[in-house]
Structure formats: structure tokens, C-alpha cells
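Here's a quick tour of a protein model and the molecules it holds. Have the 3D view open and follow along.

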Amino acid sequence: MDRIGIFGANGRMGQALIDACAQAKDCKLSAAFVRIASPLASTPIHHINKSAPVDLSFACESALQDCSADVLIDFTLPEGMRTHLQQAVKLNLPMVIGTTGLNDDDKQALTEAAKHIPIVFSRNYSVGVNLLLNLVQVAATKLAEEMDIEVFEAHHRNKIDAPSGTALMIGEAIAQAKGWDHDAVARFDRTAIHEAKSQQEIGYSVLRAGDIVGEHTAYFATMGERLEITHKASSRLTFAAGAVRAAQWLRNKPAGLYDMQDVLGLKELA
Ligand SMILES: NC(=O)C1=CN([C@@H]2O[C@H](COP(=O)(O)OP(=O)(O)OC[C@H]3O[C@@H](n4cnc5c(N)ncnc54)[C@H](OP(=O)(O)O)[C@@H]3O)[C@@H](O)[C@H]2O)C=CC1
Ligand SMILES: O=C(O)C1=N[C@H](C(=O)O)C[C@H](O)C1
């Protein structure tokens, strides 16, 4: 039985993770953390989420060292993730991280922490998106050289980072397949560029509206034809179930930085 501790337990993904723990086999939610000073601390989780164990209350993050979790899951914000990472290293607990919008320092902190504990980090825990990463690499290498490449993403109005972590992951996968330096070819804003699109360019566009869970399309277009590879998530439970699967996969893994493609065995297909 894997005992799971969740950070940001009151958030959208936190709540979906509580549902996913209840649905997974051989898995038990053992701690649901909220920020220090959160008014929710000590409130029975069952009051707001009926899939939570009846005897479990939200716990303040300061109680982390007393929790009985075997693995910790973080879908919060970069600042929170950094703190949680330090705590996990101190307690020698494996981590699953889904937080997006990380900067270079945050990524460096992940790499350092992974020298001490096993970590799965993915900007998308759905099976479909991880398979899409393989498909865009095939498209990038097999289609004609003179393809225009664009990545589009759409999310709910409350998402604060842009482009999404998944959009960047798709662009990075395409750049890798092309042998390009992603940062050199990524184009996030064309408003000041008064020239035609270059062939060595990955353009990004973003939509924020309503309650869209998460949609991504990679476009490969040339004269006379256009290939669009799209993924649409319709429930956060998809991401949450993937993260719980990753948490269970981490059992007995050595320290290291893994991703969802490792969990799903998709690297062998690439
Ligand atoms: N990898 C993937 O598959 C997916 C990744 N995500 C990513 O997960 C993250 C969370 O998304 P979502 O659940 O929609 O966001 P929410 O805003 O709904 O939830 C964020 C949670 O993080 C907590 N939090 C924020 N800052 C801190 C901090 N400094 N210390 C501790 N806790 C903190 C919030 O607490 P409080 O309420 O007190 O502010 C809240 O519980 C985002 O980065 C998103 O992009 C989302 C879906 C899928
Ligand atoms: O914030 C979200 O909601 C999501 N974030 C992730 C991202 O930034 O790619 C994954 C998913 O698309 C939902």
C-alpha cells in the first residue's frame, strides 16, 4: 500500500489528486497539506471532498515531519515547489512534481534534489500528451524540411503561467528532433517582428478562457497541406491519475530525475 501526501491539497489539482488516490488500487491518502496559516488546517477534508477518507483533516505544511507518507505530490506554484522539494530531501521522501512555470533556478533545484531522492517531474501527466510527444517527433523528422511549426494551447481563465508547461514540452520535443536549440527558435511574440516567418522557428500562441481543462495542438504546415496533432483533456482526473501512477511507480526507485515517459515506458518507442 502506497501512502501518499499531497501539497496544495485545496487547489484544483489537489482536489483531483484526492479523488485519484481514492480510485487507485493499493493506494491511501495519508496527508493533505495546506499552506501554513491556511484557515482550512484541521478541517475534515470530507467536508469539501466526499472521496477523502472520513477520518483525515487538512494538515498544515509545518506538520510534514510527523506525516506517515511514503511519497509526496506537488502541484502548487514554483515558490511552493522549491520549499516542498527541500523538505522532501530532508525527510528522504520521493516526490512527484507537476508544477509548471519553473525558471532556470527552479529547474536547477530539481536537478540537485534528484541527486538525493527519486523525483518524477512532468509538465503533463496524461497518457495522451506523453504519446503526442513521440508523435510530434515523428512528424518533425519525417515531414518535408520546409514545414512551418506552431504550438497552440488553451486553458481555463485561472491559469497564470503561459505558454503552458505542456506547450513548451511539445516545442522542446520538436526542437530536439530537428536538432535545434529550442530557446533560439522559440517565438512567443511576433508583434515587434515585421518579417515573414522563418523556417527555423517554433511559434507559440495562447488562449485563456472559461473552464477549459487543457488543449494543445502542434501544427506542421506547408503549401498545400497542414497536419495538426491535438490533445484535449476534459477532466483534471486524467492528470491526477497519472501523477498517482507515477507516485506508485517511484516505490524502490533510486535517486534520480524521471519523467512521465519513463513511467509509461514510452522512451523505448521513440
Ligand atoms: N503536470 C500536469 O499534468 C499539470 C500541472 N498543473 C500545474 O499544477 C499547478 C497547480 O495548478 P492548479 O491546481 O490548477 O492551481 P490552484 O491555484 O488551484 O492550486 C494551487 C495550490 O497550490 C498552493 N500554493 C500556492 N503557492 C504555494 C506556496 N508558496 N506554498 C504552498 N502552497 C502553495 C495553493 O494554496 P492556496 O490556495 O492557499 O493559495 C493551492 O492549494 C500549476 O502550476 C499548473 O500548471 C496543472 C494540471 C496538470
Ligand atoms: O494549469 C493547468 O490547468 C495545466 N497545466 C499544465 C501545463 O501548464 O501544461 C498541464 C495541463 O495542460 C493543465
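A molecule counts as sitting in a pocket if more than half of its atoms lie within 2 Å of the pocket's grid points. By that rule, ligand 2 sits in the largest pocket, and ligand 1 sits in the largest pocket too. Keep in mind that you're looking at a predicted model.

**Ligand 2 and its surroundings**

- Ligand 2 is surrounded by 13 residues, and the closest are His155, His156, Lys159, Gly165 and Thr166.
- Sort that shell by class and you get 8 polar, 3 charged and 2 nonpolar residues.
- Look at Thr166: one of its polar side-chain atoms lies 2.5 Å from an oxygen atom of ligand 2.
- His156 also reaches out with its side chain, placing a polar atom 2.8 Å from an oxygen atom of ligand 2.
- With Gly165 the backbone does the job, as a polar backbone atom is 2.9 Å from an oxygen atom of ligand 2.
- On its own, ligand 2 has 330 Å² of accessible area, and the protein covers 86% of that.

**Ligand 1 and its surroundings**

- Around ligand 1 you'll find 22 residues, with Asn10, Arg12, Met13, Thr100 and Lys159 the closest.
- This shell has 11 polar, 6 charged and 5 nonpolar residues.
- Two helices pitch in: H1 (12-23) and H2 (78-91) each supply at least two residues of the shell around ligand 1.
- Backbone N or O atoms line up with nitrogen atoms of ligand 1 at several spots: the distance is 3.1 Å for Ser122, 3.4 Å for Gly80 and 3.5 Å for Asn124.
- Ligand 1 has 930 Å² of accessible area by itself, and the protein covers 80% of it.

**What the UniProt record adds**

- An unreviewed UniProt entry places the feature "active site" at His155 and Lys159.
- Both His155 and Lys159 are included in the lining of the largest pocket.
- To find His155, go to strand E7, which covers residues 148-155.
- Lys159 is worth a second look, being listed among the closest residues to ligand 2 and also among the closest to ligand 1.
- The unreviewed entry in UniProt also lists residues 128-264 as "domain: Dihydrodipicolinate reductase C-terminal".
- Over residues 128-264, the chain is 38% helix and 28% strand.
- The C-alpha atoms at the two ends of that stretch are 11 Å apart.

Terms used:
Residues are numbered from 1 along each chain as its sequence is written. Chains are lettered from A and ligands numbered from 1 in the order in which they are written. This is a predicted model: local features need pLDDT of at least 70, side-chain atom pairs count only at pLDDT 80 or more; totals for chains, interfaces and linings use all residues. Side-chain values use heavy atoms; hydrogens and water are left out. A residue is near a molecule or strand if one of its heavy atoms lies within 4 Å of it. A polar contact is a pair of N or O atoms within 3.5 Å; within protein, one must be able to donate a hydrogen and the other to accept it, and residues adjacent in sequence count only if both atoms are side-chain atoms. Accessible areas come from the Shrake-Rupley method with a 1.4 Å probe; for residues, only the protein chains shown count as cover. On a 1 Å grid over the protein atoms alone, a cavity is a set of points where a 1.4 Å probe fits but cannot get out, and a pocket is an open set with protein on both sides within 12 Å along at least five of seven lines; lining residues have an atom within 4 Å of a point. Ala, Val, Leu, Ile, Met, Phe, Trp, Tyr, Cys and Pro count as nonpolar, Asp, Glu, Lys and Arg as charged, and the others, Gly among them, as polar. UniProt positions are given in the numbering used here, feature names are shortened, and annotations may be inferred rather than shown by experiment. Helices (H or I, at least four residues) and strands (E, at least two) are DSSP runs, numbered from the N terminus.
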